[in-house]
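Please read these points with the model open beside you. Take them one at a time and find each place as you go.

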Amino acid sequence: MKLEFTKVSPSGNMTILIWSDVERAEQAKIANILMDCTYHLGAEQVGYVEESQNPKAIAHLQMMGGEFCGNATRSLAFMLVARKFPNILIENSIARFYLTVSGVEEPLEVEVECDNNNNPLSAKVQMPIYNNINSVCKKENVDLVSLEGISHIIVDNDKNPFNKDSYKDDFIEFRDNLNLQNKEAVGVMWKTVEEDNTISMEPVVWVKETDSYYYETSCGSGTVALALAIAKESSDIYQQFKIYQPSGKYILAIVERDDNKFLNAYIKGAVDIIAEGYCFI
């Protein structure tokens, strides 16, 4: 099988986008082959670019396990502008359009910031949050944040330190204690807040379909989940957080809320093109 691919790094979260047609039933199996860094391309996740069935959206992103991924969505938006995809209007160096994504029912708005030659610089995506403020809740001394397509457990790194040697076992314990084994995807975010209020996190994500556990170099949905957990503790209508990833880069998370509910959430950051061409399975 010959597949057209692009390998990108959205804030360090190595992602493969496949532009060729692949049957849904084969996507998880092929993704596991592609993600192998010894025998193939190597990445933390794979997304398949398809035609959208929604007339509002210009393309559809189907993730390897049917989950949602914010960084992969940003990556696709960035690449569509880079490839001069038709029907993308760029005004005042900003391209705005909609994408549909697995794990999410409604189209998501994306914005791509461009230079004077309409080349993409960064990408921003609306995140599929639940407006109910109780979508963020305290359970078992952690914050549980429910998003469309994925649930995240926010852990205080000071109380439950992240351990690179045992993170899979620790992850399974957190996930199973909260009975999340049947979710499409689950993340555990170990958060650290320094004395100067610098925020960082250690993200581990499990996808049920591929049964893959990845200590990710960057996690978009985990970033917004952490931002929502912090934003719930404040009544400020507009809150913005610079959250540092294990890659050393940061993702900007924006949360808008009122007294009773979350209104909108976004993530924004750089996307780097690593390689593109054809690969073989």
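**Notes on the predicted model**

1. Start with a hairpin. Strand β9 (residues 136-139) pairs with strand β10 (residues 142-147) in the antiparallel sense, over four bridges. Keep in mind that this is a predicted model. One bridge to look for joins K138 to D143, its partner in β10. Two residues lie between the strands of this hairpin. E140 takes a positive phi there, near 50°.

2. Next, find helix α4, residues 220-231. Does its length agree with its residue count, or disagree? Its twelve residues, at 1.5 Å a residue, should span 16 Å, because the expected span is 1.5 Å times one less than the number of residues. The end C-alpha atoms are 16 Å apart, so the model agrees.

3. Stay with α4. How many of its twelve residues are buried? Eleven are, so the helix is largely enclosed by the rest of the structure. The buried residues include G220, S221, G222 and T223 at the start of the list. V224, A225, L226, A227, L228, A229 and A231 are buried too. A general point helps when you look along a helix: an α-helix has 3.6 residues a turn, so residues three or four places apart point the same way.

4. Now look for enclosed space. The structure holds one cavity of 30 Å³ or more. The largest cavity has about 130 Å³ of space. It is lined by 17 residues, and Q45, E67, C69, V205 and E216 are the closest to its centre.

5. Which elements supply at least two residues each to that lining? They are β13 (199-207), β14 (212-215) and α4. So the helix from points 2 and 3 returns here, as part of the cavity lining. By type, the lining of the largest cavity has eight nonpolar, six polar and three charged residues.

6. Turn to the largest pocket. About 160 Å³ of space lies in it. Its lining has 13 residues, and Q126, M127, P128, I129 and N264 lie nearest the centre. Which strand gives the most to this lining? Strand β17 (residues 262-280) does, with three residues. The pocket lining divides into eight nonpolar, three polar and two charged residues.

7. Finish with a single residue. T192 sits in strand β12 (residues 185-193). Is T192 buried or exposed? Its relative accessibility is 16%, and buried means under 20%, so T192 counts as buried. The T192 side chain makes a polar contact with the side chain of N157, at 3.2 Å.

Terms used:
Residues numbered from 1 in each chain as written. Predicted model: local features only at pLDDT ≥ 70, side-chain atom pairs only at ≥ 80, totals over all residues. Heavy atoms only, no water. Pairing = 2+ DSSP bridges. Buried < 20%, exposed > 50% of the residue type's maximum accessible area, 1.4 Å probe, protein only. 1 Å grid on protein atoms, 1.4 Å probe; cavity = no way out; pocket = protein on both sides within 12 Å on 5 of 7 lines; lining within 4 Å. Points joined across faces, edges and corners; volume = space filled by probe spheres on them. Nonpolar A, V, L, I, M, F, W, Y, C, P; charged D, E, K, R; others polar. Polar contact = N/O pair within 3.5 Å; in protein donor to acceptor, adjacent residues only side chain to side chain.
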